[in-house]
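Let's take a walk through a protein model together, one piece at a time. Have the sequence and the 3D view ready, and follow along as we go.

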Amino acid sequence: VYQKGVRLGFYANYVQRVENLNMEEIAVDLHGLSETGSKVCLLCFLRWLKTHQDVLLRPGTPNVGVITGWGKHSDGVSKVRNSIRTLLKSGIGRPIPFFTPEGNPGKFQVYRADMLHWLQQFEQETDIILTCIDKEFR
């Protein structure tokens, strides 16, 4: 099902939102997706960032946001949030440093410098990981 979704461009719709932002925030919104769907979408978003690193180099570029929700519709425990936290910590080959902004427990943020460092320092490894993921979900 997820492979078909990637082939049909379903997750690209979530990532394309980023291109239309007025640079107040670079983010992907995972609300309404399943745990697995949110992982696939985040990986598509990272693939997009990898190929559009110039967006992160612009002066005044904000941090990168990953909006998960805090579990309002899940009795205060967001399975998506927990799943994405695990993925950011270690599920992409190397951890991506992130934090939860004060007053917004439904969001993770990555300082843009940290995201650039992750994308550039581990460029070859990141390419391999994201290519494998790409193939897995085709």
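Our starting point is Q53, which sits in the loop between α3 and α4 (54-57). Keep in mind as you look that this is a predicted model. Is Q53 buried or exposed? Its relative accessible area is 13%, and because buried means under 20%, Q53 counts as buried. Leaving aside residues up to four places away in sequence, Q53 touches L116, L119 and Q120.

Let's turn to the helices next. Two packed helices are described by the angle between their axes and the distance between the axes. Try this on helix α3 (residues 35-51) and helix α6 (residues 112-121): they pack at an angle of about 85°, and their axes are 10 Å apart. Angles of 65 to 115 degrees count as roughly perpendicular, so that is how α3 and α6 lie to each other. On the α3 side, the contact is made by L46, L49 and K50, and on the α6 side by M115, W118 and L119. Sorted by class, the residues in this contact of α3 with α6 are five nonpolar, no polar and one charged.

Helix α3 also meets helix α5 (residues 79-90), where the two axes come within 9 Å and cross at roughly 40°. That angle makes α3 oblique to α5. The crossing of α3 and α5 is right-handed. Which residues make the contact? From α3 come E35, S38, K39, L42 and L43, while α5 brings K79, V80, S83, I84, L87 and L88. In this contact of α3 with α5 you will find six nonpolar, two polar and three charged residues.

Now for the strands. Find strand β2 (residues 64-67). Strand β1 (residues 26-29) runs parallel to β2, and four bridges join the two. Here V28 stands opposite V66 in β2. Strand β2 also pairs with strand β3 (residues 107-110), this time in the antiparallel sense, again over four bridges. The bridge partner of I67 in β3 is K107.

One last look at β2 shows a pattern worth knowing. In a regular strand the side chains alternate between the two faces of the sheet. Which way do the residues of β2 point? V64 and V66 point one way, and G65 and I67 point the other way. On both sides the result is alike: V64, G65, V66 and I67 are all buried.

Key. Residues are numbered from 1 along each chain as its sequence is written. This is a predicted model: local features need pLDDT of at least 70, side-chain atom pairs count only at pLDDT 80 or more; totals for chains, interfaces and linings use all residues. Side-chain values use heavy atoms; hydrogens and water are left out. Buried means under 20% relative accessible area, exposed over 50%, partly exposed in between (1.4 Å probe, protein chains only). Two strands pair if DSSP finds at least two bridges between them. Axes are lines fitted to C-alpha atoms, for helices over the stretch in contact, and angles run from 0 to 180 degrees between N-to-C directions. Angles under 35 degrees count as roughly parallel, over 145 as roughly antiparallel, 65 to 115 as roughly perpendicular and the rest as oblique. A crossing is left-handed if the near helix is turned anticlockwise from the far one by less than a right angle, and right-handed if clockwise. Contact means heavy atoms within 4.5 Å. Ala, Val, Leu, Ile, Met, Phe, Trp, Tyr, Cys and Pro count as nonpolar, Asp, Glu, Lys and Arg as charged, and the others, Gly among them, as polar.
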